[in-house]
Amino acid sequence: MTDFDTTKIASDSGKVVVDPITSLIASDRKYDNGKSIDLSWVPSIDDRLVNGKVIGYKVYRIEDGGEPLMIAELAPGSNAYNDQSVERGKLYSYFVSALSSSAETPSTKTASIEPQREWLNFKLINVLVMALVLGGAIIYFIETARRGKKLFVRKIAGLEAVDDAIGRATEMGRPILFIPGILDMDDVQTLAALTILGRVARVIADYDTKIFMPVSRSLVMTAGREIIKASYQAAGRPDVYSDDMVTYITDEQFGYVAAVDGVMVREKPATCFLLGAFFAESLILAETGNSVGAIQIAGTARPAQLPFFIAACDFTLIGEELFAASAYLSGEPKQMGSLKGQDVGKAIAMIAILIGVLTVTISEAWNVGWIQSITTKLMEIFSTK
Amino acid sequence: MLDVTFGIPLVVLSDVGQAISLLLIGGGLLWIFIRSLKAKEVDRRVVFLFIFFAVAAPILFPITFQEKATPIVKKLFDKVESLPAGSKVLIAFDFDPAMAPEVQPMANAFTRHCLVKGYKVIFMSLWATGQALLTQTLERVVKGEFPEKQEGVDYINLGYKAGNEGVLNVIVTNFRMMFPTDVNGVPLDSTAVFDGIKSCGDLDLIISVGGGKPGIKEWVLFVGDRVNVPMGAGVAAVVAPQLYPYYPKQLLGLLGGVKGAAEYESELVKHYSRFEHTDTPGLRMMGPQTLAHVVIMAFIVIGNISYFIGRRRERRR
Amino acid sequence: MRRTTIIAMAVVLGLFILSWILRSASYVTVQEHYLIGGLKVTFSAFLTLAILSFLYKDNPFYKFAEHLFVGVSAAFWMSMGFWTTIVGNLVPRISQSLSEFFQVPYQPGSYNFVYFIPVILGIMLLMRLSRNRGWLARWPLAFIVGTTAGLNFVRYLRSDFMEQVSATFVPLFVDWKGVGYFISHFSLSASGQFVAIVANWVIFLGVICGIIYFFFSKEHKGVFGAASRVGIWVLMITFGASFGYTVMGRISLLVGRITFLFRDWLGWIS
Amino acid sequence: MKRQIPLIITFLIGTILIFSFFIPPMEKLEQTSTLFFDVIAVFAFFLGGGNLLRVHFNKLRRRKRDWGFSTVTLIGFFVTLAAGLFKIANPGGIAASPTTEGALLQEIFTYVLIPLQSTMYALLAFFVASASYRAFRAKNREATILLVAAFVILLGRTPFGMMLTGWMPDSLSVLQVPNLAIWVMNSPNLAGQRAIMIGIGLGVISMSLRLILGIERTYLGEEGA
């Protein structure tokens, strides 16, 4: 291979020659799949904000001892680069040249390096630990509950109303409308809505009320049919069930809304369940449902849509309550145990916030060293960037 | 469009239309208010009709409200107002067509203000799609309203450069490295605007108009915080709250959404009579917005009055 | 009654045909026939008004628009899904000849056989249409639910739990330079120290009380109950604020539609 | 067998994906599984389309209420499907994007779907108004707080906010309605949003765990075990 002839460039008179960068180090990016190498260096001494002569840097790579290849042009002031176009099993070395307006000064080459892959991402070890702690807490309490320990769960206002709302529809002889949001099965809110559907459908089957569930995803339709069918079977009346109870409308958000609005004004449901992931349509549905005099129980984990449900519906499950609902409705010990596990997470969050705020406050106002180190530790535990 | 309809000059027709629509909305609200005193609810269709009317009327007969600039806007306006003639101001068009209805009025207002004050203006964009919108402003505002201004002497268009914040990282120390020439290929050295400008540090004011990434935040981090140049910004309403923390230290002032644009435009019209008849899209869009907000607030108040009166009656029984 | 409905519908349709003629007469473009251009704009306006008419009450025009919307959008998403996912992502990985047919770059790879898995799962899903093989549809469902649960577990843990906790470490005394400084510089200025300090206190206490509201396994009584009540107040401020903040955007949408009617269709404004 | 296999699938996929997050060599799994989902979702479109056809043909055959409108749906469906799948009038031929300017699908999008979509969306303006009139009532303390917060923000977004309170000196400027609105957005609003998010995060974590462990299996049409 041919080295860059530094001497030649430097000896050319009349050109502005700048000092090279120094201390170039190439190191393997830790905890990745062996696809990136980090470079760092000390910028040229001619690289200054005022009267600086360096107008930029070029990064060159030599792959398996071949020809140097320019891989990046960087602005003055740069002192690091991350090369993400490397492969495992090859050797790479690098050099960086400093550019003046008329010349280029290369640095010395780095030693050859092969990108390595690691089997565990230690940068995310805090996430892993937190996952184990929370998962462990949830599983622990599920086990505790299974062994027969009674666990307390506070009232959730919207859910207390479910039975009444179904009873009302039965009395009035009008149907119940169940809308599981507009997202697909790949959203946890939809799954939460469907588990609530399971409990609701059980009651409906007992009461012999009509249920109608228009959906905007056919996977949700498939699951919805399974659930309602199973509920009717469990209630001992599989003959009443029909596939028409769950209908796919269209995947298009507002096309779905247009059709559901039509259903609402024509069928005049006595009760509407609006549970799942909702977007702008939340208020359109809730207001139309209200205009036909339906009792509405809504719930979503999308903070932006909660205000509209709170304003326009009779009961609203706020955020986490949607996920707690299925556990609460079933009353099964295992499900209750998982709620208790969630609360452990909340306790951890509160304690961490308390300590974090205290130490940040103290170190901001009075600058105490060891307290600052607590803050740093806490940030390391909870920050994942 | 005709200037005269049914023999009536359009200006008069518009005034009459404004008056009638305001009277209708006002009278209607009064009627509902009186009804609410009797604790009677109005049909929701009446509510619908009101909101339709409150939005449609100001579109047909443009109604503008006097906007009083909030401090955050006023400070930026005053800064632009107080620079000496010949100051060098950079205006960045960091937005795409989707955001344009909201933020381009701001960019136009800044441009008008700087040109009328006789500053030398540098235009550029970090968004590929921003360049077309920049051209629009140059054609309509700069060439259309200020035909006496010369490209290269009074203003210059650097156009778009790829590289996002990387571009900023370079121009903070050296313009010519990133932009050897302007968008038409004229070397910067041969333009009067760039006389004495090497880097962003030589500017007197930087204004970034945008709403995404790269945008105002990047300008603050990569330029504003590094060299001591005053910065102002115009942003889409959605991102405005995230930028308030930069005010007033890192950003002199901030225009948020249509309302910010309207406030700036109204200040401009107040100070310069030559802009009395220029289009003020910000103010124009605020017409329907304001009326609709007023109607909604009126409905909240009226709804509560009828609720309380109704409840009191029930208690008496 | 039936007769009046028909007459009303006829009148409306007549008006639209009239508007079509008028619109076409003033339509200037070289690209297409003026009657087509006029029809497009008039039809758009008709659909716009048909949807708006729902605000008054359900009616045949709304029903027409609604049913058209459902049919057109379902097919639209189907064809987009076919071209972008099946042709765009799947075909290049599983078949060279199909790739050539659809003119997409073939991407051979030794693990490409795994892309038959979703195809098989998809076909199992379609079994739903059959009466006695319907249970096979549970497999793709289980696959998707497993994917969802697995991906979301870590994602939410990281960004909705851990990141939110660490973002709440705010100092309760901003720019603290001692009590004397604080008192002598006391002001209610929006950019002043006191306001910034109160803001951080509210964030700190608001988050804590908000979390307490969501506590399920402890009865909300005593101090805990009081904190939970403060929590729900904070949530209510959040909801009120987001509601008020969103109004402007919603009005803009209506401005857009009315501008379309007045400008593009009726030509009342320029 | 019918019930066990789906549970095993959920468990295996769920656990593998959780671990792949921490194990760099498994990083491609996440993208692959997303692509799998996309492909299955397209089959779901076909399932949906099939169901749509069944519903509307049924309506037609049985002359159910509004059966006439079902023809509108069916015609719209078939015309659009043909336009999309065969790229009718697409100037770029088979290789071009299905929504190239001039293609029939693009025309349908611009002149049918856009007006329908955006008008449906614009209905929100009306419903925001009716909800404000009907629902924003100071029935109790919570409702009052909501109402006041909404009112402050609304006022701050109109010129009247500044007109009413603009006279206040800078030392009281936080009380100027526009500033107050910003403060509410940045402080109590932020706190509330964050508390909701932390709760949701935990809810999703526990829900996911229940699904993976097979404790929550309603979606398969079974009562929880």
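# Notebook: chains A to D of a predicted complex

**Entry 1. Confidence, chain D.** I began with chain D, where helix H6 (residues 159–165) has the lowest mean pLDDT among the elements, at 84, and H3(D) has the highest, at 94. I then took the chain as a whole: chain D averages a pLDDT of 88, and 98% of its residues score at least 70. I note here that this is a predicted model, and I read every value below as computed from it.

**Entry 2. Confidence, chain C.** I repeated the lookup for chain C and found a mean pLDDT of 88, with 97% of the residues at 70 or more. Among the elements of chain C, helix H7 (residues 179–184) has the lowest mean, 84. Helix H8 (residues 193–213) of chain C has the highest, 93.

**Entry 3. Confidence, chain B and the complex.** For chain B I noted an average pLDDT of 86, with 96% of the residues scoring at least 70. Residues 1–5 of chain B fall below 50, and this stretch has 12 contacts in the model beyond near neighbours in sequence. Where pLDDT is low, the predicted coordinates should not be read in detail. I therefore leave those contacts without further reading. For the complex I copied down the predictor's own scores, an ipTM of 0.87 and a pTM of 0.86.

**Entry 4. Chain D against chain C.** I listed the contact between these chains and got 114 residues of chain D and 112 residues of chain C. The buried area came out at about 11000 Å², with carbon and sulfur atoms giving 81% of it. I then asked which charged and polar pairs cross this interface. The count of salt bridges between chain D and chain C is 2. One that I looked up joins the side chains of C:Lys40 and D:Glu107, at 2.3 Å from N to O. Side chains of opposite charge can pair when their charged atoms come close. The rule for polar contacts finds 18 residue pairs across the interface of chain D and chain C, both residues being at pLDDT 80 or more.

Next I sorted the chain D side by element. Those that each supply at least two residues to the side touching chain C are helices H1 (4–20), H2 (28–62), H3 (67–85), H4 (104–135), H5 (141–156), H7 (177–186) and H8 (188–212) of chain D. H4(D) gives the most, with 22 residues. By class, I recorded 74 nonpolar, 26 polar and 14 charged residues on the side of chain D that touches chain C.

**Entry 5. Chain B against chain C.** Here the contact takes 19 residues from chain B and 18 residues from chain C. Chain B and chain C bury about 1800 Å² between them, 78% of it on carbon and sulfur atoms. I found 0 salt bridges between chain B and chain C, and 4 residue pairs in polar contact, both residues at pLDDT 80 or more. On the chain B side, the elements giving two or more residues are helix H2 (44–60) and helix H11 (281–316). H2(B) gives the most to this side, with 8 residues. The class split on the side of chain B that touches chain C is 15 nonpolar, 2 polar and 2 charged.

**Entry 6. Domains of chain B.** I took the domain assignment of chain B, which gives domain 1 (10–63 + 281–316) and domain 2 (71–275). Their C-alpha centres lie 39 Å apart. The contact takes 5 residues from domain 1 of chain B and 8 residues from domain 2 of chain B. The two domains of chain B bury about 570 Å² between them, 82% of it on carbon and sulfur atoms. Which residues of domain 1 lose the most area to domain 2? I got B:Leu283, B:Met285 and B:Met286, together 67% of what that side buries. Between the two domains of chain B I counted 0 salt bridges and 2 residue pairs in polar contact, both at pLDDT 80 or more. The side of domain 1 that touches domain 2 has 4 nonpolar residues, 1 polar and no charged.

**Entry 7. Salt bridges overall.** A search of the whole structure gave me 37 salt bridges over all chains. I picked out the one between A:Lys90 and A:Glu63, whose closest N and O atoms are 3.3 Å apart. A:Lys90 lies in the loop between strand E5 (80–83) and strand E6 (92–99) of chain A, and A:Glu63 lies in strand E3 (residues 56–63) of chain A, so the pair ties together parts that are 27 residues apart in sequence.

How values were computed. Residues numbered from 1 in each chain as written. Chains lettered and ligands numbered in written order. Heavy atoms only, no water. pLDDT = per-residue confidence, 0-100. Contact = heavy atoms within 4.5 Å. Buried area = accessible area lost by both parts, 1.4 Å probe. Salt bridge = Lys/Arg side-chain N within 4 Å of Asp/Glu carboxyl O. Polar contact = N/O pair within 3.5 Å; in protein donor to acceptor, adjacent residues only side chain to side chain. Helix = DSSP H or I, 4+ residues; strand = E, 2+ residues; numbered from the N terminus. Nonpolar A, V, L, I, M, F, W, Y, C, P; charged D, E, K, R; others polar. Domains from an automatic or database assignment.
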